[in-house]
Amino acid sequence: MKGFHEKTLDEAISLALAHVEPVTETERVLTTQSLGRVLAEDIICPEDVPGFARSAMDGYAVRAHETHGASAEHPRTLKVIGAVEMGQDPRTLPPVGAGEACEIPTGGPMPPGADAVVMLEETERPQHQIVRLFAAVTPGTHVLSGDSDFRRGELVFKAGHKLRAVDIGALLAMGILSVKVYRRVRVGLLSTGSELVEPDHRVRPGQVRQINSHVLQNLLEGAQGLFLGIVPDDREHLRAAVQQAVRASDMVVLSGGSSVGARDWTLDVLQELGEILVHGLQIKPGKPTIFAIIESKPVIGLPGNPVSCVIVFEKFVRPVLARRSGLRVLLPAHRLASAQLTQAVRSAIGREDFVAVRLRVDEAHGALYAEPIPGHSNNISTLARADGIVHVPSDFEAIPEGAQVWVELL
Ligand code: AMP
Ligand code: MG
C-alpha cells in the first residue's frame, strides 16, 4: 500500500543537501552581467580603493596639530593657499605647509602635507586668502584613507558567494571587469496531470490551465529553466518524460501526481528510475513532496496545488538549487517584515504551517498589520492577494491574534 513517511522540513533539507553536489563547470562573465551568479573563485582585491586619501566633508585641508585649541572664542587663522578640484591628481596639488590651509570639496583628494579636514560649518572666510577655524581636529578627522574602501590583498568575496547588485558595485570599484562563476544550473520543469493545458490553448470545462511550470520558471532567478511541457497521468509517459528531463538538465522539478492517489505516478516512476530519499513533509501546505536522486541528479516531485508548489519550492527546492548552483553558505532567501497578526492562525503540533497574509499599514500609528488570507492551496489567488507568508513552527498549536510575527515577503 502507498503511504507517506513524513520528515520534518529540516530533516528533509539536510538529507537532500547531503546528496547534492554543485555543478563543476565554470565560465567567465562580465561583472556588469553577473547578477545572481555564484562566484567560482575567491576575489582578492588587486589595488587599494579609492587609491588616494580623500576628504569626507566640504571644508579645509589642514595640518591637524595646527588647529590645537581652536574654538568659537579662540579661532585659529590660517592662510588659504588654494582650492582642490574634484578629479585633480593629488600629486599636482601644492603642499599644505605651516600656517596654511587648502579649500577642499567632499571626495576631493587630500593635498600633500594636510592630514585632517575642518568642516566648512566650523569656519569663516573673512578674506579670500584667510580662513578662521572654530574647531580643533586630530590627524585623520574627516579624511578617508586611500584603502578605506578596500585594501590591496584583502579577501573580498569567497568562492560560493552569490553576487548581488552591491557586490557588482564593489567589484567594479576594484577595477574587476569579469569574474569566474559556476555555469547556470539547468532546471528541467515538468507538469503532470491529464487535466492540464497550456494557458495559450482553449480550455473546456474540466480542464485546468497549467501555471506551475511558469511560476517556477520565474522563481528560478540565477538558474535556467528548461520548460519540458505537460505529461498526462500515465506511467509510461511519465517515465519517458522524467528520463528525458534528467538527461537534459542538472536537476528536475515536476509538479502534480506526487500524492498517493490511483493516478499519482510520480512516486512509482521516481522509485523505478532512482532512489527516493523523501516522501512526505510535515508541513502545510506541501505534504506530498518527493525528493529522489536519479543518475546522481536531484529530482523533486512537488504537489500540484499551485500554492503548495510555490511554498515547497521556496522552503525545500530553493536550498537544493542553491547547493547545486555552487552556493557555499545557505542564508534564508527572504526579506522580512515585522507585523502584528490581526487574527489567530491555527496549526497542529508536529506540523509547520505557512500562512499567506496581506500587510496593511496603519498610517496614523506607523504600525504594520498582517491579515491571514483564507483560501485553499489549490487557489493561486491566495498567493496573488498576499504580501507574504507567516511561518507557524511545529511546536505551536496556534499563533494568537495580536502577536508580533515575522512576515516573509513574497
Ligand atoms: P495533484 O498534485 O496532481 O493531485 O494536483 C492537485 C491539484 O493541482 C489539481 O487540482 C490539479 O489540477 C492542480 N494542478 C496540478 N498541476 C498544476 C499546474 N501545473 N498548474 C495548475 N494547476 C495544477
Ligand atoms: Mg494530478
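Me: Let's start with charge. How far apart are the mean positions of the positive and negative charges of the chain?

Reply: Average the charge places for each sign, then take the distance between the two means. This is a predicted model, and here the 41 positive and 49 negative charges have mean positions 5 Å apart. Histidines are left out of that count, so H5 and H279, which we'll get to, don't enter it.

Me: Next, the fold. How many helices and strands are there in the chain?

Reply: Seven helices and 28 strands.

Me: And is the chain spread out or a compact globule?

Reply: Set the radius of gyration against what the globule rule gives for the chain length. For 410 residues the rule gives 22 Å, but this chain comes out at 30 Å, well over that, so it is more spread out than a compact globule. Along the principal axes, the C-alpha atoms fill a box of roughly 95 × 50 × 40 Å.

Me: What share of the residues is buried?

Reply: A residue is called buried when its relative accessible area is under 20%. By that cut-off, 45% of the 410 residues are buried. The accessible surface of the chain is about 20,400 Å², with carbon and sulfur atoms holding 51% of it.

Me: What percentage of the contacts is between residues 24 or more positions apart?

Reply: Take the contacts with a separation of 6 or more as your base. Of those, 72% join residues at least 24 positions apart.

Me: Can you show me such a pair, please?

Reply: Try H5 and G280. They are 275 residues apart along the chain, yet their C-alpha atoms are separated by 5.8 Å. H5 sits in the segment before helix 1 (9–17). Setting aside residues up to four places away in sequence, H5 touches H279 and G280.

Me: Is H5 buried or exposed? And H279?

Reply: Exposed means over 50% relative accessible area. H5 has 61%, so it is exposed. H279, in strand 18 (residues 275–279), has 6% and therefore counts as buried.

Me: What does H279 contact?

Reply: Beyond its neighbours within four places in sequence, its contacts include G3, F4, H5, E6, V260 and L267. S258 is also on that list, and the H279 side chain reaches the backbone oxygen of S258 at 3.4 Å.

Me: L267 is in helix 5. Which residues of helix 5 are buried?

Reply: In helix 5 (residues 266–273), T266, L267, D268, V269 and L270 are buried. To read a buried patch, ask what covers it. Here the cover includes helix 4 (235–248), strand 13 (186–192), strand 17 (251–255), strand 18, strand 20 and strand 21.

Me: Now the backbone. Which peptide bonds are cis?

Reply: Look at omega. The bond from V49 to P50 is cis, with omega near 10°, and P50 is in the loop between strand 2 (43–44) and strand 3 (54–55). K284 and P285 are also joined by a cis bond, at about -5°. P285 lies in the loop between strand 19 (283–284) and strand 20 (290–294).

Me: And where is phi positive in a residue that is not a glycine?

Reply: Two cases to look at are E295, at about 50°, and S296, at about 65°. E295 lies in the loop between strand 20 and strand 21 (297–302), and S296 is in the loop between strand 20 and strand 21 too. S296 is exposed, with a relative accessible area of 63%.

How values were computed:
Residues are numbered from 1 along each chain as its sequence is written. Chains are lettered from A and ligands numbered from 1 in the order in which they are written. This is a predicted model: local features need pLDDT of at least 70, side-chain atom pairs count only at pLDDT 80 or more; totals for chains, interfaces and linings use all residues. Side-chain values use heavy atoms; hydrogens and water are left out. Helices (H or I, at least four residues) and strands (E, at least two) are DSSP runs, numbered from the N terminus. The radius of gyration is taken over C-alpha atoms; the globule rule is 2.2 Å times the number of residues to the power 0.38. Buried means under 20% relative accessible area, exposed over 50%, partly exposed in between (1.4 Å probe, protein chains only). Contact means heavy atoms within 4.5 Å. Accessible areas come from the Shrake-Rupley method with a 1.4 Å probe; for residues, only the protein chains shown count as cover. The place of a charge is taken as NZ of Lys, CZ of Arg, CG of Asp or CD of Glu. A polar contact is a pair of N or O atoms within 3.5 Å; within protein, one must be able to donate a hydrogen and the other to accept it, and residues adjacent in sequence count only if both atoms are side-chain atoms.
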